[in-house]
Amino acid sequence: MDTTASDRAARSPFIGRRDALDHLAAAVAAARLGRFAGVLVVGPGGVGKSRLLDRLIEQTADDGSGRLLHVSCQAPAETGPASPLESVAPLLAAAGLDLAAQAAGEADDAHDAQERSFRAAGDAVEKLAQAYDAVLVTVEDLHRADLTSLELLAYLARRLDRSPVAVLASLRDGAGPAPVRAVITSLSLDAGVTQLHVGGLTRDELAELAEARTGAPLADTALDDVLARSGGITLYAEELIDSYARSSDSGAPDATDAPGKVPASLRTMLHRSLDPLSDCSRDLVELLAVAGGEAGHGLLREAASLDDDELRSRLDDVLDTGVVVVDDDLQGYRFRHDLLLEAVLDAIDDDAARAHHAELAAALTARPDLAPRGSSPMAALALHRRLGGDPDGALVASVAAAREAGRAGACAEELEHRLVALDLLESLGRPQTEVGPALADAARAASRAGLHARAAELMARVVEQQQPSPMRLRLEAERMAEQYLAGDARGAMATARTMIMALDDSTPPAVRAGVLATCAAAFVDPSLGRTPLEATTEAVEIARGLDGDPTGILMRALTSHGLALALYGRIDDAVEVFDEAEELSAQQTDPREALRAVLYRLLYGFDPAADIERGRHAIARADRMGAARGVGKQLRAVVADLLLATGRWDELRTVVADGLAWGSQDFAGMLLRLDAGFAALCTGRLADAEAELAAAREVEPAGHPRTSQLAAEIAWWQGDAAASAAHAMEGLQLAVATARGNEVAPLTYALARALPADPPPPASGVLELALGQLAATAGNPVTAGYLATARAERSDSPDAWSAAAACWQSLGHEPLQTYAVWRQATALASAGRRPEAQQALARAEESARRLGLTPLLGALESAGAAIPRQRGAWAGTPEAERLGLTGREAEVLDLLAEGWSNKRIGEHLHISPRTVGIHVSSILRKLGVSTRGEAAALARRLAP
C-alpha cells in the first residue's frame with residue numbers, strides 16, 4: 001500500500017453521528033415549514049463538528065426537496081479584536097449588504113450605527129428567506145466570532161422566529177472569552193435555539209473508521225490503544241490509525257513509526273510531523289501560527305521578507321506535512337485544524353513569538369491591505385505592534401481601531417480597543433491628563449455596548465481623578481446613570497448622596513438644579529434634611545430662572561418633580577408636570593433625555609390602556625433615534641408591565657421578543673424576561689415561568705426584588721406558602737436596602753398572603769414595617785391597591801376584598817381584580833353569604849376565562865365545588881322570562897348548572913331522559929350556546 005495520509009484524510013468517511021445528523025436535518029425541516037430553528041453543535045476540538053455540518057450540507061444539497069439557499073460562514077482565526085460582522089460576512093453578502101460601510105455612512109455614533117446595521121440585516125435576511133423555501137446558515141467555530149457578529153446572530157434568532165431560516169453553528173465547549181460565552185448562553189436560553197452535544201466515537205465506530213481509512217480491519221490490541229489514547233476524538237483517532245497504517249505500509253516499523261511508540265498527545269504527533277522541516281520552513285509555520293492560524297500569500301511573503309519563488313519552495317515542504325493546507329478562498333494558507341495551531345503556538349518561545357509579531361506589524365504597516373481575514377487593518381496592526389514589543393505604536397493603532405469600530409457600529413469591539421489603549425497608556429506612565437479622557441472614552445463605549453456595570457466602574461475611576469468641581473459632579477451624574485441602568489440602585493443612591501453632600505454656596509445654579517433633580521430619590525434619607533418633593537421643587541425653581549436652559553435641566557427637574565409628586569399621591573399634579581416635561585423633550589436630540597419624561601410617566605401612570613398607546617409611540621420614537629437597545633428596551637419593559645396588567649398576553653410576548661432582540665444580558669433584558677415569566681405563570685405555563693426566572697437570575701445573580709417577586713408567585717401557585725414567604729422576605733430586604741419603593745408594594749402583598757395568621761418574628765416585624773411604609777405613600781393608586789390587597793389577605797373579610805377589587809378595577813388591572821373577586825367569593829362563603837358568593841364567583845370565572853388565567857381557573861373550580869349553589873335560582877325569575885325559558889326549562893337549567901346528567905335530571909324531575917334532551921336543546925338555542933358545558937357556565941355566571 002502506498003496511500004498517503006492526505007489521501008486517507010480526503011476519503012475519510014462519515015462514521016456514526018446518525019442521531020446528530022437527524023437532529024440537524026429536523027432543524028432544516030422546521031425552517032422549510034416557516035419556523036426559525038437554531039442549533040449550537042457543541043463538543044471538544046477535533047470531535048468532528050465541522051464534518052457533521054459538511055455532511056448535512058451534502059445531504060440537503062442531494063435530497064431534492066425544494067429550493068434551499070445555503071450560506072457558509074467561518075469565524076475568524078485571528079486573536080484579539082476582530083473586524084465587525086466578519087464572522088457572518090458571507091450571510092450579509094448573500095443578502096446584498098455591506099453593513100460596515102452602510103453604518104459608517106449613515107450613523108452619527110456607534111450605538112446608532114449598530115442599530116441601523118442590525119435592522120438592515122434583519123430586513124435583508126427576511127427578504128432573502130421569501131425567495132427560497134428555506135435559508136440554511138452554517139457558522140463554524142462560533143466561539144471565535146467577534147462580539148458584533150454574535151450579537152447580530154442573537155438579534156436575528158429573536159427577530160426571525162417565524163421565518164424559514166435555520167442557523168447551525170459549531171463551537172468548542174467552554175471556549176471563548178467570557179463576553180462571548182455570555183452571548184452564546186443567552187442564545188441557548190431563547191426559543192428555537194437548542195444545543196446538540198457531540199461526544200467521542202465508540203469502539204465499534206472507531207473500528208469502522210479504521211477499516212474505511214486503511215482498507216483493512218485494525219487489530220483488537222491496536223483498536224483498544226486508539227480508543228484509550230484518543231478518547232474517541234475523531235482527529236486524534238485518525239492520526240493514530242494512520243500511524244498504524246504507516247507502520248504496516250513500511251513492513252518493518254522503525255522507532256518513530258512503531259505503534260507502541262506513537263504518543264497519545266497530538267502535540268507530540270505534530271512535532272514528529274514537523275521534524276523533517278528545515279529551520280527556515282519551521283520558522284514559516286511559526287509565523288503562520290502567530291498570524292492567527294491563517295494568512296494570505298502576500299502577508300506571509302512581506303512578513304518573511306522572501307520573494308515568491310523562495311516562499312513557494314518553503315511552503316511546498318510545509319504542505320507536505322499535512323499540518324498546513326492551501327485555502328483558495330483566502331488565497332493563502334491555514335492550519336488543517338485548530339488543535340494543530342494550538343500545538344504550534346504552545347511550542348513557540350516568547351522571544352520567537354515577539355519577533356514574528358514585529359515582522360507582521362512591519363508588513364501591515366507597509367501594506368494594510370494584507371490584513372488577515374477576520375480583522376480590520378488597524379485591529380491587526382494594533383495587536384501585532386502590542387505583542388511585538390512596540391507599545392507606543394500599539395497605542396496609536398488601538399485608538400484608531402476603536403474609532404474605526406465605533407463608526408462601523410461594533411460597540412463591543414470599540415470597548416475592547418479602548419481598554420487596550422487604556423492599559424497601554426498606564427503601562428507607559430502617561431500623565432493623568434491623557435489617562436482621564438481615555439477612561440471616559442472607555443466608560444462611554446461600555447455604555448454603548450450595554451455593559452452598564454463596567455461603564456459605572458470606569459466612570460468611578462474618572463471621578464476619582466477629578467478635583468471637587470462642577471465637572472466632577474457632571475461625571476458623577478454619568479456614573480449614577482450607569483449604576484441605575486445596571487440595576488445597582490444601592491450604588492446609585494450612594495453616588496447620589498455623595499453628589500448632594502458636595503453642594504455648597506459656590507456651586508453654579510445650573511449644576512445645583514441638575515444635582516437636586518438627578519438625585520431626588522436619595523432625599524428619602526432623613527439625614528439629608530429634606531424630602532424628595534422639597535428637593536425637586538427647588539430644582540424646578542432654579543431651572544426656570546436659567547437663561548435658555550441649553551442643557552435641558554428644566555426638563556430633568558420637571559421629570560423628577562413629577563416622580564416626587566406621584567410618590568406623595570398628588571397624581572393630577574404629577575401628570576401635569578410630566579406633560580410639561582414631555583413637551584420640552586421634543587427639543588432633545590439625546591434619546592435618553594428626550595424620552596425620560598414619558599418613560600417615568602409610564603412607570604407612574606394609572607390608565608393602562610392610554611399608557612400602552614403612549615408607550616408604543618415612545619418606542620417608535622426611540623427606534624427612529626437609534627436607541628432601540630438603550631432607552632427603547634427600557635420602554636418596552638414598561639409597556640410589557642402595562643400589558644401584563646391588562647392581560648394582553650400575545651401583545652406582551654411580541655413586545656418582549658422585540659426588546660430581547662437587542663440582547664438579554666442587561667438590566668432591561670432581565671425585566672423583559674421577568675414580564676414574560678409573570679405572563680407564563682398567569683396563563684398556566686409553569687415550566688416557562690421557571691425558565692424565564694432562571695434566565696433573569698443569570699443577569700442579576702446577586703438577587704433583585706423583581707426576581708424574588710416572581711419566585712414568590714411561582715412558589716405560591718405551586719402550593720408552597722413557606723417558600724413563597726421566604727422569597728418575599730428576601731425581596732423586601734433587597735427593596736428596602738436599595739430604596740426601591742415601587743417594588744416594596746407587591747412584595748408586601750406576597751408576604752401578607754403567604755404568612756400564617758400568627759407569623760413568628762422576624763417575619764411579623766418585616767410585614768408590619770412594610771405595611772407602614774405603604775400606608776405612608778398610599779396616595780399612589782398602585783400602592784393603595786397593593787396595601788388594600790395585603791390588608792385583605794390578613795383579615796380575609798368580604799368587605800376588605802371588595803375594597804381591594806375596587807382599587808384594581810379603578811386601575812384597569814384585570815388579573816389582580818379577578819384574584820380579589822375570587823378571594824371575596826370565598827370570604828363571602830365562609831361568612832354564610834352563599835348567594836353573594838356565587839355571584840362573585842361567577843364574575844371571577846367569567847374574567848378568568850376571558851383572560852386565560854389558567855391557575856386561577858383551577859382555584860375557582862375548587863371554590864365553586866366548595867360553595868353549594870342555591871337550587872331554583874332560575875325558576876320563575878324575570879331573567880328566565882327575558883331569555884324565553886319556560887318554567888320546566890328553567891328547572892332543567894338549574895340542574896344543568898350543577899353538572900347533572902340527563903338521566904339524573906330526569907329522575908329528579910320525574911321525566912324521561914329523552915324529554916330532558918329536548919329541553920336541553922331548546923335551552924342551548926335560547927342561550928345562544930352550542931354545548932351543555934357552555935350553557936352550565938353561562939347559567940352560573942348569570943344566576944339571578
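In this predicted model, helix α23 is followed by G487, a residue whose phi is positive, near 85°. The helix itself covers residues 470–485, and its 16 residues, at 1.5 Å a residue, should span 22 Å. The end C-alpha atoms of α23 are 23 Å apart, which agrees with that expectation. Several residues of α23 are buried, and they mix apolar and polar side chains by name: L473, L475 and L485 are among them, as are M480, E476, E482 and Q483.

Close to the end of α23 in sequence, A486 offers a link to a distant part of the chain. The C-alpha atoms of A486 and A668 are separated by 8.5 Å, although these positions lie 182 residues apart along the chain. A668 belongs to helix α34, which runs over residues 667–682. With a relative accessible area of 9%, A668 is buried. Once neighbours within four places in sequence are left aside, the contacts of A668 are with K633, Q634 and A637.

It helps to place these details against the whole chain. The secondary structure of the protein chain comes to 49 helices and 8 strands. Of its 944 residues, 53% are buried. When contacts between residues at least 6 apart in sequence are considered, 66% of them join residues at least 24 apart.

Three helix pairs illustrate how the helices meet. In the first of these, helix α14 (residues 297–304) and helix α17 (residues 350–366) have axes that come within 8 Å and cross at roughly 115°. That angle makes α14 roughly perpendicular to α17. The crossing of this pair is right-handed. On the α14 side the contact involves L299, E302 and A303, which meet E359, L360, A363 and L364 of α17.

A second pair is formed by helix α18 (residues 377–387) and helix α19 (residues 391–407), whose axes come within 8 Å and cross at roughly 155°. The two helices are therefore roughly antiparallel to each other. Here α18 passes α19 in a left-handed crossing. From α18, the residues M378, A379, L381, A382, R385 and R386 take part in the contact. Their partners in α19 are P391, G393, A394, A397, S398, A400, A401 and E404.

The third pair lies further along the chain. The axes of α46 and helix α48 (residues 913–927) come within 10 Å and cross at roughly 90°, so α46 and α48 are roughly perpendicular to each other. Residues R888, E889, V892 and L893 of α46 make this contact with H919, V920, S922, I923, K926 and L927 of α48.

Within that third pair, E889 deserves a closer look. This glutamate lies in α46, which spans residues 887–897. At 6% relative accessibility, E889 counts as buried. The side chain of E889 reaches the backbone nitrogen of T886 at 3.0 Å. Beyond its neighbours within four places in sequence, E889 is in contact with G884, as well as with H919, S922, I923 and K926. Of these partners, H919, S922, I923 and K926 also appear on the α48 side of the helix contact.

A further buried polar residue is S585, found in helix α28 (residues 571–585). At 1% relative accessibility, S585 counts as buried. The side chain of S585 reaches the backbone oxygen of A594 at 3.1 Å. Not counting residues up to four places away in sequence, S585 touches M555, E593, A594 and R621.

One of those partners, M555, can be followed in turn. M555 lies in helix α27, covering residues 553–567, and at 1% relative accessibility it counts as buried. The C-alpha atoms of M555 and A581 are separated by 4.9 Å, with the two residues 26 apart along the chain.

Definitions and conventions. Residues are numbered from 1 along each chain as its sequence is written. This is a predicted model: local features need pLDDT of at least 70, side-chain atom pairs count only at pLDDT 80 or more; totals for chains, interfaces and linings use all residues. Side-chain values use heavy atoms; hydrogens and water are left out. Helices (H or I, at least four residues) and strands (E, at least two) are DSSP runs, numbered from the N terminus. Buried means under 20% relative accessible area, exposed over 50%, partly exposed in between (1.4 Å probe, protein chains only). A polar contact is a pair of N or O atoms within 3.5 Å; within protein, one must be able to donate a hydrogen and the other to accept it, and residues adjacent in sequence count only if both atoms are side-chain atoms. Contact means heavy atoms within 4.5 Å. The expected span of a helix is 1.5 Å times one less than its number of residues. Axes are lines fitted to C-alpha atoms, for helices over the stretch in contact, and angles run from 0 to 180 degrees between N-to-C directions. Angles under 35 degrees count as roughly parallel, over 145 as roughly antiparallel, 65 to 115 as roughly perpendicular and the rest as oblique. A crossing is left-handed if the near helix is turned anticlockwise from the far one by less than a right angle, and right-handed if clockwise.
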